[in-house]
Amino acid sequence: MSSGLAYFITLVIVYILVVWGALIPFRAGLLYNGTVYVMAIGGYTAGFLSKTFGLNFWLCIIAAIITGLIFGFIPALGFARTNGIVTAISSMALIFIIQSIIKNIDFLGGTRGLRGIAKVPALPWFAIIILIIFGAFLYRLFNSRIGRAWEAIATDPQMAQTLGVDTRKMTVIALTLSSVFAAVGGAVFAFNIRVIYPGTFSFTFLLNVMTMLFVGGRFTQWGVIISAPLLWSINVYMPEAVQKLSNYIFAGLLIIVLMLRPEGLVTRKMILSVKNFFKGLFKKKARETV
Amino acid sequence: MKKVLAIVIAVMMLSSLMAGFAFAAEDGAEGGAVAVTEWEIPVLSAITGPVSFVGEPAIWAANYAAEKINEAGGIEGVPVKIVPYDTEFDPQKGMQYITQLQDTALFIGGCVAAPVCEAEAQVLYEEHIPNIGSYVSSALDEYAPYICAYMGDSEILDLELCKEWMAAKGYEKLVMFYSPDDTAQAATVDRFAQEVPEYLGAVEVPTGTIDCGPLAVQAMNMGADAFWLGCRTEEASKVCKELVERGAVESGEQICATFSAMGAGFLEIAGETAEGTYAYNMLDVNCPDETWQELSEAYKADHNGDAPTYPPIQGFYNMIVALKACFEDLGITGDPAVLQEEREAIAEWLNNSPEIEGCQGTFSWVNGVMQIEAPVVQVQDGNYVVVTME
């Protein structure tokens, strides 16, 4: 695998993880924009531990998961009491807050950034393993009692409460788990780019994440697997002239998709058809075997 | 209808990805490898984005040097082609290009921006790829011999001039303005804090700041009698204007600027308020050297009459000229089979090079640090005049 392709694949996996992180709160009906904030924390945790203590990749990932849990849980306690636009705006503020904090921490490199993050030769393969593990976990999560509770909250919070769903608890769980995904994404990102700056985890990054989420499909976890490589390939593999227009292309696609296909490219109906197709295929084969 | 449109979008995205991979394959061959029939030199620069005003002239200078080399028969009879990569002043973008090029490139030129260079440096070092870019001396030591600076070390030059200026003028309290997104300037802040006794503190001027008034007030409140402009042209000129108009200084002499603040834009934006301010440059705009004069005329013709004031112009021209000298001296073949050996040889040669004829006389590298004059200038009657600090 060429270095360029390895870099591309890993970056796409980072985006998928972070978009999954953004998808979880959406599933629970929350307009939460704090994924990039925890991504920065995960990235800096992994980068710092790798650089300063020489910890290996997997230990750094575990550390990122722990910090993700902590730094996701604390604001989640507050966000459990908010909703709608308040959640959206205040969670967005977390990005600016974390940028300012990191800029003023000397041992994290301040504005000069954190350099010297170790090289992980098998990074794309490790990233694929993480993707499979987290993908499977998310699939189970969405099809569990918690997942159904989130869906109930997203549909009608008051009705969900009436049915016995503890909406606050479910919100805290959603935001905490979302943060774990984002923190792991940040850690993989740090090992991929190997130098991180406070400015990297910016509003632009959030816009990329949201575009991938909305274009791919915000009701299933599968959409981003298509939208992330497709959209990011514009920034990497397109000719210079097209790359320069990537922001316009992203914005244009977002508008078109939201207007014509509000659920995104991959819809729940589409996933159901695919499931039924395979179910039918297997049933048919089973009948033939009998 | 909706279904049809959705399918059209999906097909468009899929085809764009496939086309992308096709271009990627082409990119790998084009940017990275040195073809037998043409020396293709990948050069990174911030052609667009907040520092495009230096990034574009830098690429122009590299192309100009390649054109001149080709007119004179190329490198050992093989023509040179510059393959530009636009980093947009984004380290992530720079890293993306480096990873695309690292398997095949014999040499990588640029970038003009220190943050991008700092990001690239560790990969260049690990992959043993020679590079000439914007580096401070600490980075040059850390990643030797694979990286060289295309101009003098601003950290050292800033400090030397600042001390000289403070002593000559008898100033006692200094405040520095700097761009927090420029790692070299952030490093200079640390150095000033340690080594300038009169240093009071620094004021951040983010790249792209429109209103510098509050920043000037912040500096005035610190009670300084001398102001160091460590930011880039556009922001530095606005800060200068604010300081003078708000009465923070009695004369422009109380303001001194780093090389990156200097340029035509500074005089244009600051106008009369720039009068008397000091700065230094990595190049002499009025250098009488014939090669420089010719370059200067060509630059003006391509840039609406603007003079070539930005140091990367000289730096990127010299970079390509140095490569010619290096390739010819070492007999570089560009054969992929000996890629690693040739990379090592180029890096060693450049890191401690012999004297090379550049566009403003000769230059060389000693441990990756470019040995070149940095004249002190003062704005007098709306022009930069080379002066000695007294």
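Start by selecting chain A of this predicted model. Among its contacts between residues at least 6 apart in sequence, 80% join residues at least 24 apart. Colour the chain by secondary structure: 13 helices appear, and zero strands. Read from the N terminus, the elements run α-α-α-α-α-α-α-α-α-α-α-α-α. The radius of gyration of chain A is 20 Å, close to the 19 Å that the globule rule gives for 290 residues, so chain A is as compact as a globular protein of that length. Turn the chain along its principal axes, and the C-alpha trace spans about 65 × 45 × 40 Å.

Next, show the surface of chain A. About 12800 Å² is exposed, and carbon and sulfur atoms supply 70% of that area. Of the 290 residues in the chain, 55% are buried. Now pick out the charges: chain A has 24 positive and 7 negative ones, and their mean positions are 5 Å apart.

Stay in chain A and select helix 4, residues 84–103, where A:Ile97 is found. Is A:Ile97 buried or partly exposed? Its relative accessibility is 45%, which lies between the 20% and 50% limits, so A:Ile97 counts as partly exposed. Then add A:Lys269 to the selection. The C-alpha atoms of A:Ile97 and A:Lys269 are 39 Å apart in space, and 172 residues separate the two in sequence.

Move on to chain B. Its secondary structure comes to 13 helices and 15 strands. With a radius of gyration of 22 Å, close to the 21 Å that the globule rule gives for 390 residues, chain B is as compact as a globular protein of that length. The C-alpha trace spans about 65 × 60 × 40 Å along the principal axes. Among contacts in chain B between residues at least 6 apart in sequence, 69% join residues at least 24 apart.

Show the surface of chain B as well. The accessible surface comes to about 14600 Å², of which 53% belongs to carbon and sulfur atoms. Buried residues make up 59% of the 390 in the chain. Chain B has 16 positive and 61 negative charges, with mean positions 9 Å apart.

Colour chain B by domain. The assignment gives domain 1 as 2–152 + 291–371 and domain 2 as 154–281. How far apart are the centres of domain 1 and domain 2 of chain B? Taken over C-alpha atoms, 31 Å separate them. To see where the domains meet, select the 15 residues of domain 1 that are in contact with 17 residues of domain 2.

The last stops are backbone details in chain B. Most residues other than glycine have a negative phi, and most peptide bonds are trans. Zoom in on B:Gly110 and B:Cys111, which are joined by a cis peptide bond with omega about 20°. B:Cys111 lies in the loop between strand 3 (108–109) and helix 4 (114–127). A cis peptide bond also joins B:Ala144 and B:Pro145, with omega about 0°. Look for B:Pro145 in the loop between helix 5 (137–142) and strand 5 (147–149).

Go next to B:Asn304, in the loop between helix 11 (290–302) and helix 12 (311–330). Its phi is positive, near 50°. B:Asn304 is exposed, with a relative accessible area of 78%. Finish at B:Asn367, in the loop between strand 12 (361–366) and strand 13 (369–371). B:Asn367 has a positive phi of about 50° although it is not a glycine. With a relative accessible area of 45%, B:Asn367 is partly exposed.

How values were computed: Residues are numbered from 1 along each chain as its sequence is written. Chains are lettered from A and ligands numbered from 1 in the order in which they are written. This is a predicted model: local features need pLDDT of at least 70, side-chain atom pairs count only at pLDDT 80 or more; totals for chains, interfaces and linings use all residues. Side-chain values use heavy atoms; hydrogens and water are left out. Helices (H or I, at least four residues) and strands (E, at least two) are DSSP runs, numbered from the N terminus. The radius of gyration is taken over C-alpha atoms; the globule rule is 2.2 Å times the number of residues to the power 0.38. Buried means under 20% relative accessible area, exposed over 50%, partly exposed in between (1.4 Å probe, protein chains only). Contact means heavy atoms within 4.5 Å. Accessible areas come from the Shrake-Rupley method with a 1.4 Å probe; for residues, only the protein chains shown count as cover. Lys and Arg count as positive and Asp and Glu as negative; His and the chain ends are not counted. The place of a charge is taken as NZ of Lys, CZ of Arg, CG of Asp or CD of Glu. Domain bounds come from an automatic or database domain assignment.
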